[in-house]
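Trainee: I should like to understand how the terms applied to a structure are justified. May we go through them one at a time?

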Amino acid sequence: MTAEAACTVEPPSSVNSPVDSSVRDLVARARSGDRQAWDALVERYAPLIWSICRRHRLGRADADDVGQSVWLRLVDQLDKIRDPAALPGWLSTTTRRECLRVLGAASGPYATMYALDVESLPDERAGAAEQELLAAERQAALREAFAQLPPNGQQLISMLLADPPLPYADISAKLGIPVGSIGPNRSRYLDKMRRHPAIAALMNA
């Protein structure tokens with residue numbers, strides 16, 4: 001599927017999630033020239049683009065160039081988007097292609113030939129490459145969302161993920177919180193992470 005096609009997929013006949021509805025509203029407003037809506041789209045999906053650039057080990061200047069190219073391409077494609085929920089996938093595909101273009105330009109013709117897009121690889125290798133990239137993007141998004149939690153939230157989530165697992169009594173004693181509040185706090189912090197732009201973008205994709 002081409003980058004353009006990723007944005008022209010007809011929407012499935014299912015109930016939209018709140019995130020989908022928010023994206024649809026922002027895209028519709030951005031189409032009509034609403035600068036605040038465009039800025040909101042950039043703020044929401046910039047972490048996704050940045051995480052892909054880091055996966056390709058681009059420097060800050062190259063990553064900025066890739067980001068600018070991706071947003072300029074989106075300006076051209078915005079009116080063609082039939083299903084705004086496909087936007088994160090389009091951004092991911094376009095960003096990966098731009099990263100490979102930048103890497104190829106920096107390393108010469110041989111690197112350009114070597115840095116093949118996953119779409120040009122044999123099916124089995126393409127699937128493995130895509131899964132590896134998606135896993136790296138998920139890890140980067142999780143790290144960014146985790147870093148936005150308050151210190152006590154980071155401590156709680158880290159303890160809940162400890163191996164071997166820590167008893168709730170130990171977590172309660174170390175953090176100075178009632179045992180009964182651990183579950184609700186866990187849910188609240190995980191919900192906060194899910195709402196982080198990088199995580200929301202991957203969930204949409």
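Mentor: Certainly. Please keep in mind that this is a predicted model. Let us begin at the end of a helix: Arg57 comes after helix 2 and has a positive phi, near 60°.

Trainee: How do you know that the span of helix 2 agrees with its number of residues?

Mentor: Helix 2 covers residues 35-55, which is 21 residues, and at 1.5 Å a residue these should span 30 Å. The C-alpha atoms at its ends are 30 Å apart, so the two values agree. Helix 2 nevertheless has a kink of about 40° at Tyr45, shortly before the proline Pro47.

Trainee: What makes Asp34 a cap of helix 2?

Mentor: A side-chain oxygen of Asp34 lies 2.9 Å from the backbone nitrogen of Gln36, at the N-terminal end of the helix. A polar contact requires N or O atoms within 3.5 Å, so this distance qualifies.

Trainee: Why are Trp38 and Trp71 called an edge-to-face pair?

Mentor: The structure holds one aromatic pair. In it, the rings of Trp38 and Trp71 are 5.9 Å apart, centre to centre, with 75° between the planes. Centres within 6.5 Å make a pair and planes over 60 degrees apart make it edge-to-face, so both parts of the name are met. Trp38 belongs to helix 2 and Trp71 to helix 3 (residues 60-77), so the pair ties together parts 33 residues apart in sequence. Both Trp38 and Trp71 are buried.

Trainee: What makes the contact between Arg29 and Asp25 a salt bridge?

Mentor: Their closest N and O atoms are 3.1 Å apart, and the limit is 4 Å, so the contact counts. The two residues are four apart in helix 1 (residues 18-31), which means about one helical turn separates them. Arg29 also forms a salt bridge with Asp34, at 3.2 Å between the closest N and O atoms. Asp25, Arg29 and Asp34 are thus linked in a network of salt bridges.

Trainee: Why is Arg60 called exposed, whereas Asp64 is called partly exposed?

Mentor: Arg60 has a relative accessible area of 58%, and exposed means over 50%, so the term applies. Asp64 has 41%, which lies between the 20% and 50% limits and therefore counts as partly exposed. The side chains of Arg60 and Asp64 meet in a salt bridge of 3.3 Å, N to O.

Trainee: How do you know that Arg60 lies over the face of Trp50?

Mentor: Arg60 is 5.2 Å from the ring centre of Trp50. The distance limit is 6 Å, so that part of the test is satisfied.

Note on methods
Residues are numbered from 1 along each chain as its sequence is written. This is a predicted model: local features need pLDDT of at least 70, side-chain atom pairs count only at pLDDT 80 or more; totals for chains, interfaces and linings use all residues. Side-chain values use heavy atoms; hydrogens and water are left out. The expected span of a helix is 1.5 Å times one less than its number of residues. The bend at a residue is the angle between axes fitted to the seven residues ending there and the seven starting there. A polar contact is a pair of N or O atoms within 3.5 Å; within protein, one must be able to donate a hydrogen and the other to accept it, and residues adjacent in sequence count only if both atoms are side-chain atoms. Rings of Phe, Tyr and Trp (its six-membered ring) pair if their centres lie within 6.5 Å; planes under 30 degrees apart count as stacked, over 60 as edge-to-face and the rest as tilted. Buried means under 20% relative accessible area, exposed over 50%, partly exposed in between (1.4 Å probe, protein chains only). A charge sits over a ring if NZ of Lys or CZ of Arg is within 6 Å of the ring centre and within 35 degrees of the ring normal.
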